[in-house]
Amino acid sequence: MSKIKDRRCSFCGRGTDEIEHLVAGPGGVFICEQCLETGLMIVRNSEAPKTISWTDETFPIPSEIKAGLDRYVIGQERAKKAISVAVYNHYKRILHSAEANKPDDIELEKSNILLLGPTGTGKTLLAQTLAKILDVPFAIADATVLTEAGYVGEDVENIIVRLLQAADYDISRTQIGIVYIDELDKIGKKAGGNPSITRDVSGEGVQQALLKILEGTIAHVPPQGGRKHPEQQLVRVDTSNILFICGGAFHGLEEIIARRIDKKTIGFDADITDASKLSIGELLSRVSPKDLVEYGLIPELVGRLPIDVSLDNLEKDEMRSILTEPKNALIKQYKRLFEIDGVELVITDEALDSVVEEAMTRETGARALRSIFESAMTDIMFDIPSRPGLVKCIITAKVIEGKGEPELIFEEQEGAKSA
């Protein structure tokens with residue numbers, strides 16, 4: 001009995017206490033149901049043609065990509081145009097990759113994107129929406145949890161594992177997916193900082209590890225994730241056509257840019273621009289590779305992110321629009337949830353203004369809108385299903401500010417009004 005309990009999958013190493021089924025093979029080899037399923041997927045996908053379904057006629061042009069972004073992302077017009085063109089050129093390069101093999105053809109280089117902008121301005125949303133518009137697999141990774149191979153943490157190649165899983169282990173789709181790496185600024189060697197005498201586990205070392213997959217390499221990744229083991233089946237994924245979008249707030253980068261701009265105001269070739277009069281978004285739009293290197297990114301990584309796109313701080317009217325206009329707007333979602341319970345949700349203009357005012361004070365962009373509104377609505381959502389006959393719920397500014405209760409209208413009251 002003890003021998004049965006000690007049996008483990010020869011591929012992933014999981015024991016009988018962690019899995020339901022273990023299939024025995026010749027020579028004392030075992031395979032669990034998860035590794036068996038993964039193996040079958042690998043075999044099926046290896047037989048599939050490594051092509052994409054788009055053609056020049058069906059792939060969306062930049063104006064169509066931007067129109068799709070407009071449905072979900074409010075403001076950031078400059079950023080949406082720049083991203084639409086960059087993404088169009090990236091996938092056009094893939095569509096015409098066969099021509100690139102001709103000896104006399106011009107080689108089209110891969111163009112990954114760097115998004116620069118304050119917290120809550122829509123960097124992650126832009127990347128997610130792009131993947132939705134193009135119908136390609138999408139994965140998000142946080143740069144701060146990545147480490148060099150051999151250290152405790154998450155291998156850089158695990159980013160590709162997430163994309164593979166998002167593609168349902170379809171390797172051909174994985175290889176044209178989009179990866180968003182957030183918090184890239186957190187792994188920079190801060191300008192003016194003292195270099196550590198110990199080995200850098202989460203900073204420059206991770207930047208070096210990112211270089212290959214960003215430029216294009218054959219990554220050997222474990223399908224189930226985790227660290228690589230000799231007995232684990234690895235999948236080969238070519239990252240040459242994966243679009244990498246990196247983002248970060250890069251707090252303090254605007255000061256580096258401003259100092260450079262101000263230096264140009266001296267001499268005959270003076271730039272009359274006064275950096276102190278520019279917004280953070282305008283300053284970030286003037287970023288140069290030297291600024292990013294001074295901030296703490298290694299030159300090689302900067303070179304693999306040739307397209308810089310800056311995002312602006314959101315204004316009050318844009319914050320208000322974010323609440324109500326996008327296809328997945330927060331207010332639309334809540335109205336739908338109430339509608340399912342047979343209740344009409346009415347939110348006054350003053351209540352919306354109150355949400356926006358509070359969000360502006362928190363200085364975390366659109367991210368604050370959801371937390372403020374959900375905080376005000378939690379008790380109401382808890383109570384609504386236990387109120388039979390309720391037909392309408394009116395939210396005022398006092399409800400948002402925590403100084404009052406919502407106005408509830410019941411079926412009999414509606415009937416009395418109509419009579």
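In what order do the five strands of the open sheet with parallel pairing stand? The close-ups below begin there and then move through the rest of this predicted model.

**Figure 1. The whole chain, as a setting for the close-ups.** Before zooming in, here is the overall tally: the secondary structure of the protein chain comes to 18 helices and 14 strands. The chain has 419 residues, and 43% of them count as buried. Take the contacts between residues at least 6 apart in sequence: 68% of these join residues at least 24 apart.

**Figure 2. The five-stranded sheet.** To answer the opening question, the strands follow the order β4-β7-β10-β3-β11, and the pairing is parallel. The edges are held by β4 (138-142) and β11 (307-310); each has a single partner strand, so one side of each is left without a neighbour in the sheet. From one strand to the next, the twist averages 20°. For a closer look at one pairing, follow β4 to strand β7 (residues 178-182): the two run parallel and are joined by five bridges. Phe138 is a handy place to start, with Ile178 in β7 as its bridge partner.

**Figure 3. The three-stranded sheet.** Here β12, β13 and β14 form an open sheet in the order β12-β13-β14, with mixed pairing. Its edge strands are β12 (344-347) and β14 (407-410), each of which pairs on one side only. On average, and ignoring direction, neighbouring strands of this sheet are turned by 15° against each other. Both kinds of pairing can be traced from β13. Towards β12, four bridges link strands that run parallel, and Glu344 stands opposite Lys392 in β13. Towards β14, strand β13 (residues 390-395) also has four bridges, but these two strands run antiparallel. On that side, Leu390 stands opposite Phe410 in β14. How many of the six residues of β13 are buried? Five of them are, so β13 is largely enclosed by the rest of the structure.

**Figure 4. Strand β8 and its two faces.** Side chains alternate along strand β8 (residues 218-221). Ala219 and Val221 point to one face and are buried, whereas Ile218 and His220 point to the other and are not. Strand β9 (residues 235-238) runs antiparallel to β8, and four bridges join the two. One of the buried residues named here, Val221, has Val235 in β9 as its bridge partner.

**Figure 5. Nonpolar cores.** In soluble globular proteins, nonpolar side chains tend to be buried together. In this model, the largest nonpolar core has 47 residues, and Leu184, Leu210 and Leu253 touch the most other members. Centre the view on Leu184 to find its contacts, among them Leu114, Ala143, Leu210, Cys246, Phe250, Leu297, Leu301 and Leu305. Elsewhere lies a second, separate core of 31 residues, including Ile347, Val356, Leu369 and Ile372.

**Figure 6. Helix α9 and its packing partners.** Which residues of helix α9 (residues 253-263) are buried? They are Leu253, Glu254, Ile256, Ile257, Ala258 and Ile261. These buried residues pack against β3 (113-116), α10 (280-284) and α11 (289-295). Two names here link back to earlier views: β3 is a strand of the five-stranded sheet, and Leu253 is among the residues that touch the most other members of the largest core.

**Figure 7. Helices α3 and α4.** The axes of helix α3 (residues 62-70) and helix α4 (residues 77-95) come within 8 Å and cross at roughly 135°. That angle makes α3 oblique to α4. The crossing is right-handed. At the contact, Pro62, Ile65, Lys66, Leu69 and Asp70 in α3 meet a set of α4 residues that includes Glu77, Lys80, Lys81, Ser84, Val85 and Tyr88.

**Figure 8. Helices α13 and α15.** Helix α13 (residues 316-324) packs with helix α15 (residues 349-362) at an angle of about 120°, and their axes are 10 Å apart. At that angle, α13 is oblique to α15. The two helices make a right-handed crossing. From α13, the residues taking part are Lys316, Met319, Arg320, Leu323 and Thr324. They meet α15 residues including Asp349, Leu352, Val355, Val356, Ala359 and Met360. Val356 also appears in the second nonpolar core.

How values were computed: Residues are numbered from 1 along each chain as its sequence is written. This is a predicted model: local features need pLDDT of at least 70, side-chain atom pairs count only at pLDDT 80 or more; totals for chains, interfaces and linings use all residues. Side-chain values use heavy atoms; hydrogens and water are left out. Two strands pair if DSSP finds at least two bridges between them. Axes are lines fitted to C-alpha atoms, for helices over the stretch in contact, and angles run from 0 to 180 degrees between N-to-C directions. A nonpolar core is a set of buried Ala, Val, Leu, Ile, Met, Phe, Trp, Tyr and Cys residues joined through side-chain atoms within 4.5 Å. Buried means under 20% relative accessible area, exposed over 50%, partly exposed in between (1.4 Å probe, protein chains only). Contact means heavy atoms within 4.5 Å. Angles under 35 degrees count as roughly parallel, over 145 as roughly antiparallel, 65 to 115 as roughly perpendicular and the rest as oblique. A crossing is left-handed if the near helix is turned anticlockwise from the far one by less than a right angle, and right-handed if clockwise. Lists of a residue's contacts leave out its neighbours within four places in sequence.
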